[in-house]
Amino acid sequence: MQHTLLLIKPNACKLNLIGRIIDMVERNSFVVKDIKMFWMSDTTAYKFYEIHKEKPFFHNLLDFMTSGNTVAVILEKENAVDDLRLLVGNTDPSQANPGTIRYLYGESTTINAVHASDSADNALREIEIIFNTNKEN
Ligand code: CMP
(Lines give C-alpha, C1' and ligand atoms only; values in the text may rest on other atoms or scores of the structure.)
Protein backbone atom coordinates (compact mmCIF):
# COMPACT_ATOMS: atom_id res chain seq x y z
CA MET A 1 0.00 0.00 0.00
CA GLN A 2 1.18 3.49 -0.83
CA HIS A 3 0.57 6.75 1.02
CA THR A 4 0.05 10.18 -0.47
CA LEU A 5 -0.86 13.63 0.80
CA LEU A 6 -3.96 15.61 -0.11
CA LEU A 7 -4.26 19.25 0.91
CA ILE A 8 -7.70 20.85 0.80
CA LYS A 9 -6.66 24.45 0.20
CA PRO A 10 -8.07 27.63 1.82
CA ASN A 11 -10.58 28.42 -0.97
CA ALA A 12 -12.18 24.97 -0.68
CA CYS A 13 -12.23 25.14 3.13
CA LYS A 14 -13.90 28.59 3.03
CA LEU A 15 -16.53 27.31 0.57
CA ASN A 16 -17.48 24.43 2.88
CA LEU A 17 -16.23 21.77 0.45
CA ILE A 18 -14.18 19.68 2.88
CA GLY A 19 -16.80 16.95 3.25
CA ARG A 20 -17.52 16.73 -0.47
CA ILE A 21 -13.83 16.38 -1.34
CA ILE A 22 -13.21 13.74 1.32
CA ASP A 23 -16.33 11.89 0.14
CA MET A 24 -14.89 11.85 -3.41
CA VAL A 25 -11.59 10.35 -2.29
CA GLU A 26 -13.28 7.75 -0.07
CA ARG A 27 -15.63 6.74 -2.89
CA ASN A 28 -12.52 6.21 -5.02
CA SER A 29 -11.18 3.63 -2.53
CA PHE A 30 -8.65 5.83 -0.73
CA VAL A 31 -8.49 5.25 3.03
CA VAL A 32 -8.00 8.24 5.34
CA LYS A 33 -5.05 7.42 7.63
CA ASP A 34 -4.64 10.81 9.30
CA ILE A 35 -6.21 14.24 8.99
CA LYS A 36 -5.76 17.70 10.44
CA MET A 37 -6.93 21.26 9.92
CA PHE A 38 -4.41 24.04 10.40
CA TRP A 39 -3.58 27.56 9.24
CA MET A 40 -0.33 27.20 7.32
CA SER A 41 2.52 29.41 8.51
CA ASP A 42 4.79 31.34 6.15
CA THR A 43 7.65 29.05 7.18
CA THR A 44 5.76 25.86 6.40
CA ALA A 45 4.41 27.22 3.10
CA TYR A 46 7.94 28.23 2.05
CA LYS A 47 9.33 24.79 2.94
CA PHE A 48 6.45 22.92 1.31
CA TYR A 49 6.66 24.82 -2.00
CA GLU A 50 10.42 25.59 -1.95
CA ILE A 51 10.88 23.79 -5.29
CA HIS A 52 8.87 26.62 -6.89
CA LYS A 53 10.73 29.50 -5.20
CA GLU A 54 12.11 30.90 -8.46
CA LYS A 55 8.74 30.74 -10.26
CA PRO A 56 6.81 33.96 -10.94
CA PHE A 57 3.74 32.65 -9.11
CA PHE A 58 5.62 31.70 -5.91
CA HIS A 59 4.63 34.72 -3.79
CA ASN A 60 0.98 34.58 -4.87
CA LEU A 61 0.98 30.88 -4.04
CA LEU A 62 2.37 31.53 -0.55
CA ASP A 63 -0.09 34.38 0.06
CA PHE A 64 -2.97 32.12 -0.92
CA MET A 65 -1.81 29.11 1.10
CA THR A 66 -1.42 31.25 4.23
CA SER A 67 -4.79 33.01 3.78
CA GLY A 68 -6.98 30.57 5.71
CA ASN A 69 -7.36 27.04 6.98
CA THR A 70 -6.03 24.03 5.09
CA VAL A 71 -7.06 20.43 5.70
CA ALA A 72 -4.24 17.90 5.24
CA VAL A 73 -5.17 14.26 4.68
CA ILE A 74 -2.85 11.26 4.51
CA LEU A 75 -4.44 8.77 2.10
CA GLU A 76 -3.65 5.10 1.58
CA LYS A 77 -4.35 2.99 -1.50
CA GLU A 78 -2.44 0.87 -3.97
CA ASN A 79 -0.95 3.27 -6.51
CA ALA A 80 -2.16 6.14 -4.29
CA VAL A 81 0.09 8.86 -5.75
CA ASP A 82 -0.87 8.40 -9.40
CA ASP A 83 -4.51 7.58 -8.67
CA LEU A 84 -4.95 10.72 -6.57
CA ARG A 85 -3.33 12.87 -9.28
CA LEU A 86 -5.90 11.50 -11.72
CA LEU A 87 -8.80 12.22 -9.38
CA VAL A 88 -7.47 15.74 -8.64
CA GLY A 89 -7.02 16.69 -12.31
CA ASN A 90 -4.90 19.25 -14.13
CA THR A 91 -3.21 22.05 -12.12
CA ASP A 92 -5.17 24.54 -14.24
CA PRO A 93 -8.87 23.87 -13.49
CA SER A 94 -9.88 25.09 -16.97
CA GLN A 95 -7.83 22.19 -18.41
CA ALA A 96 -9.02 19.56 -15.91
CA ASN A 97 -11.15 16.62 -17.00
CA PRO A 98 -14.84 16.73 -16.04
CA GLY A 99 -15.48 14.95 -12.77
CA THR A 100 -12.07 15.76 -11.29
CA ILE A 101 -11.81 17.73 -8.04
CA ARG A 102 -10.18 20.75 -9.69
CA TYR A 103 -12.73 20.74 -12.53
CA LEU A 104 -15.49 20.89 -9.94
CA TYR A 105 -13.97 23.20 -7.34
CA GLY A 106 -10.87 24.98 -8.72
CA GLU A 107 -11.03 28.70 -9.54
CA SER A 108 -7.64 29.32 -11.16
CA THR A 109 -4.19 27.77 -11.48
CA THR A 110 -3.20 29.15 -8.08
CA ILE A 111 -6.61 28.86 -6.37
CA ASN A 112 -7.06 25.26 -7.44
CA ALA A 113 -8.84 23.75 -4.40
CA VAL A 114 -6.43 20.89 -3.65
CA HIS A 115 -2.85 19.70 -3.76
CA ALA A 116 -1.78 16.10 -4.35
CA SER A 117 1.81 14.82 -4.04
CA ASP A 118 3.41 14.25 -7.44
CA SER A 119 5.69 11.31 -6.51
CA ALA A 120 6.14 8.77 -3.72
CA ASP A 121 9.30 10.57 -2.56
CA ASN A 122 7.52 13.92 -2.46
CA ALA A 123 4.60 12.33 -0.60
CA LEU A 124 7.02 11.26 2.16
CA ARG A 125 8.68 14.69 2.22
CA GLU A 126 5.36 16.55 2.33
CA ILE A 127 3.83 14.27 4.99
CA GLU A 128 6.95 14.88 7.11
CA ILE A 129 6.59 18.66 6.69
CA ILE A 130 2.88 18.79 7.52
CA PHE A 131 2.57 15.98 10.11
CA ASN A 132 5.89 16.56 11.82
CA THR A 133 6.48 16.24 15.52
CA ASN A 134 7.31 19.93 15.81
CA LYS A 135 3.93 21.65 16.04
CA GLU A 136 5.00 24.91 14.37
CA ASN A 137 2.61 24.56 11.42
P1 CMP B 1 -0.12 22.38 -6.23
O2 CMP B 1 -0.53 21.03 -6.66
O3 CMP B 1 -0.39 22.79 -4.84
O4 CMP B 1 1.47 22.49 -6.50
C5 CMP B 1 2.12 23.70 -6.85
C6 CMP B 1 1.16 24.83 -6.98
O7 CMP B 1 1.67 25.96 -7.64
C8 CMP B 1 0.01 24.38 -7.86
O9 CMP B 1 -0.79 23.45 -7.20
C10 CMP B 1 -0.65 25.70 -8.17
O11 CMP B 1 -1.46 26.15 -7.11
C12 CMP B 1 0.57 26.60 -8.28
N13 CMP B 1 0.96 26.81 -9.69
C14 CMP B 1 1.57 25.93 -10.49
N15 CMP B 1 1.76 26.45 -11.72
C16 CMP B 1 1.24 27.69 -11.68
C17 CMP B 1 1.13 28.74 -12.65
N18 CMP B 1 1.59 28.59 -13.89
N19 CMP B 1 0.54 29.89 -12.27
C20 CMP B 1 0.07 30.03 -11.02
N21 CMP B 1 0.15 29.07 -10.04
C22 CMP B 1 0.73 27.91 -10.38
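How far is an oxygen atom of the ligand from an N or O atom in the side chain of Y49? In this predicted model, the separation between these two atoms is 2.6 Å. Two further residues have polar side-chain atoms placed beside ligand oxygen: for K9 the distance to an oxygen atom of the ligand is 2.7 Å, and for N112 the corresponding value is 3.2 Å. Of the 450 Å² of accessible area that the ligand has on its own, 77% is covered by the protein. The residues surrounding the ligand are K9, Y49, H52, F57, L61, T91, R102, T109, T110, N112 and H115.

The strands form an open sheet. Four strands make up this sheet in the order β2-β3-β1-β4, and their pairing is antiparallel. The edge positions are taken by β2 (31-39) and β4; each has a single partner strand, so one side of each is left without a neighbour in the sheet. Averaged over the sheet and with direction ignored, neighbouring strands are turned by 20 degrees against each other. In general, the strands of a sheet pair through backbone hydrogen bonds, in either a parallel or an antiparallel sense.

Strand β1 spans residues 2-8, and five of its seven residues are buried. Seven bridges link β1 with strand β3 (residues 69-77) in the antiparallel sense. Within this pairing, Q2 has K77 of β3 as its bridge partner. The pairing of β1 with strand β4 (residues 114-116) is also antiparallel and consists of three bridges. Across this pairing, L6 stands opposite A116, and I8 stands opposite V114.

Two helices lie across strands of the sheet. Helix α2 (residues 18-27) lies across β1, β2, β3 and β4, and runs at about 160 degrees to β1. Helix α5 (residues 80-88) lies across β1, β3 and β4, and its angle to β1 is about 30 degrees.

K77, the bridge partner of Q2, belongs to strand β3. The relative accessibility of K77 is 16%, and this residue therefore counts as buried, the limit being under 20%. The side chain of K77 is joined to that of D83 by a polar contact of 2.5 Å. When residues up to four places away in sequence are not counted, K77 touches M1, Q2, N28, S29, F30 and D83. Thus Q2 is both a bridge partner of K77 and one of the residues that K77 touches.

A second buried strand residue is F38, which is found in β2. F38 counts as buried because its relative accessibility is 7%, whereas the cut-off is 20%. The strand that holds F38 is one of those that stand at the edges of the sheet. F38 and I130 are separated by 92 residues in sequence, and their C-alpha atoms are 9.4 Å apart in space.

Key. Residues numbered from 1 in each chain as written. Predicted model: local features only at pLDDT ≥ 70, side-chain atom pairs only at ≥ 80, totals over all residues. Heavy atoms only, no water. Buried < 20%, exposed > 50% of the residue type's maximum accessible area, 1.4 Å probe, protein only. Pairing = 2+ DSSP bridges. Polar contact = N/O pair within 3.5 Å; in protein donor to acceptor, adjacent residues only side chain to side chain. Contact = heavy atoms within 4.5 Å. Near = heavy atom within 4 Å. Areas by Shrake-Rupley, 256 points an atom, 1.4 Å probe, with all protein chains shown as cover. Axes fitted to C-alpha atoms, helices over the stretch in contact; angles between N-to-C directions.
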